[in-house]
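User: Hi! I am new to protein models and would like to learn how to read one. Could you walk me through it, feature by feature?

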Amino acid sequence: IISRALGHAIIGTEEYVCMGQVILIALALGYTHHSRGLVYVGFFMKKLPGKCPWIAWVLDAWISVAVCAAWAYQSFVRLPVVRQTSNMLTIPFKPFFLIMSIGIVIYTLSQLFEAIKCTVGCFHREVREEVIEDWPS
């Protein structure tokens, strides 16, 4: 809209949009997980007999925590050596990489709380029933 009003293209528009997407996606991931906005494929687990769905849910939660923790660790280890800049406007990537790393940590913490809750649910019926109510359909 601004480009049409000015009558010419704005230099670096694509870079601004891409950097905005990095911020939006990185920070929204943890919130979306916490508010149960992610799409789950749980039909397979619901078909398993007995406590198998619960065991699968707990294993999935802890594997997710391990993967996210490794991802968060590597993003912070790599942060000091990030020297790249965007092509046209030479915007440094380091602040965006930092925001992405913070978003990954928030998502990892959300996954960790979910894994702890699922693990406690293995031993306490009330917690298990609460978690089962939150299971996606």
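User: What percentage of the residues in the protein chain are buried?

Analyst: Buried residues account for 28% of the 137 residues in the protein chain. Keep in mind that this is a predicted model. To read burial, look at the relative accessible area: under 20% is buried, over 50% is exposed, and partly exposed is in between.

User: Is Ile91 buried or exposed?

Analyst: Ile91 has a relative accessibility of 17%, so Ile91 counts as buried. You will find Ile91 in the loop between H4 and H5.

User: And Val67 and Tyr73, are they buried or exposed?

Analyst: Val67 reaches 53% relative accessibility and therefore counts as exposed. Tyr73 is exposed too, because its relative accessible area is 55%. Val67 is located in helix H4, and Tyr73 also has its place in helix H4.

User: Now the fold. How many helices and strands are there?

Analyst: The protein chain has six helices and zero strands. If you go along the sequence, the pattern is α-α-α-α-α-α.

User: How do I read distance along the sequence against distance in space?

Analyst: Take a pair of residues and compare two numbers: the separation in sequence and the C-alpha to C-alpha distance. Ile91 and Glu15, for instance, are 76 residues apart in sequence, with 8.4 Å between their C-alpha atoms.

User: What are the two numbers for Val67 and Thr108?

Analyst: Val67 and Thr108 are separated by 41 residues in sequence and by 8.7 Å in space, C-alpha to C-alpha. For Tyr73 and Ser101, the values are 28 residues and 8.6 Å.

User: Let's turn to the surface. Which residues make the nonpolar surface patch?

Analyst: Leu27, Phe76, Leu98, Ile102 and Ile106 make the patch, which covers about 390 Å². H5 contributes the most to this nonpolar patch, with three residues.

User: Where is Phe76, and why can Phe76 be part of a surface patch?

Analyst: Phe76 sits in helix H4, which spans residues 52–78. A patch residue needs over 30% relative accessible area. Phe76 has 35%, so Phe76 clears that cut-off while counting as partly exposed.

User: Next, pockets. What is the volume of the second largest pocket?

Analyst: The second largest pocket has a volume of about 160 Å³. The elements giving two or more residues to its lining are helix H2 (13–34) and helix H5 (94–121).

User: Which residues line the second largest pocket?

Analyst: The lining is made up of His33, His34, Arg36, Ser110, Phe113, Glu114 and Lys117. H5 supplies the largest share of this lining, four residues.

User: How do I read the character of a lining like that?

Analyst: Sort the residues by class and count each group. In the lining of the second largest pocket, one residue is nonpolar, three are polar and three are charged.

Definitions and conventions:
Residues are numbered from 1 along each chain as its sequence is written. This is a predicted model: local features need pLDDT of at least 70, side-chain atom pairs count only at pLDDT 80 or more; totals for chains, interfaces and linings use all residues. Side-chain values use heavy atoms; hydrogens and water are left out. On a 1 Å grid over the protein atoms alone, a cavity is a set of points where a 1.4 Å probe fits but cannot get out, and a pocket is an open set with protein on both sides within 12 Å along at least five of seven lines; lining residues have an atom within 4 Å of a point. Grid points are joined across faces, edges and corners, and a volume is the space filled by probe spheres set on the points. Ala, Val, Leu, Ile, Met, Phe, Trp, Tyr, Cys and Pro count as nonpolar, Asp, Glu, Lys and Arg as charged, and the others, Gly among them, as polar. Patches are made of residues with over 30% relative accessible area and no salt bridge: like charges are joined within 9 Å, nonpolar side chains (Val, Leu, Ile, Met, Phe, Trp, Tyr) within 5 Å. Accessible areas come from the Shrake-Rupley method with a 1.4 Å probe; for residues, only the protein chains shown count as cover. A salt bridge is a side-chain nitrogen of Lys or Arg within 4 Å of a carboxyl oxygen of Asp or Glu. Buried means under 20% relative accessible area, exposed over 50%, partly exposed in between (1.4 Å probe, protein chains only).
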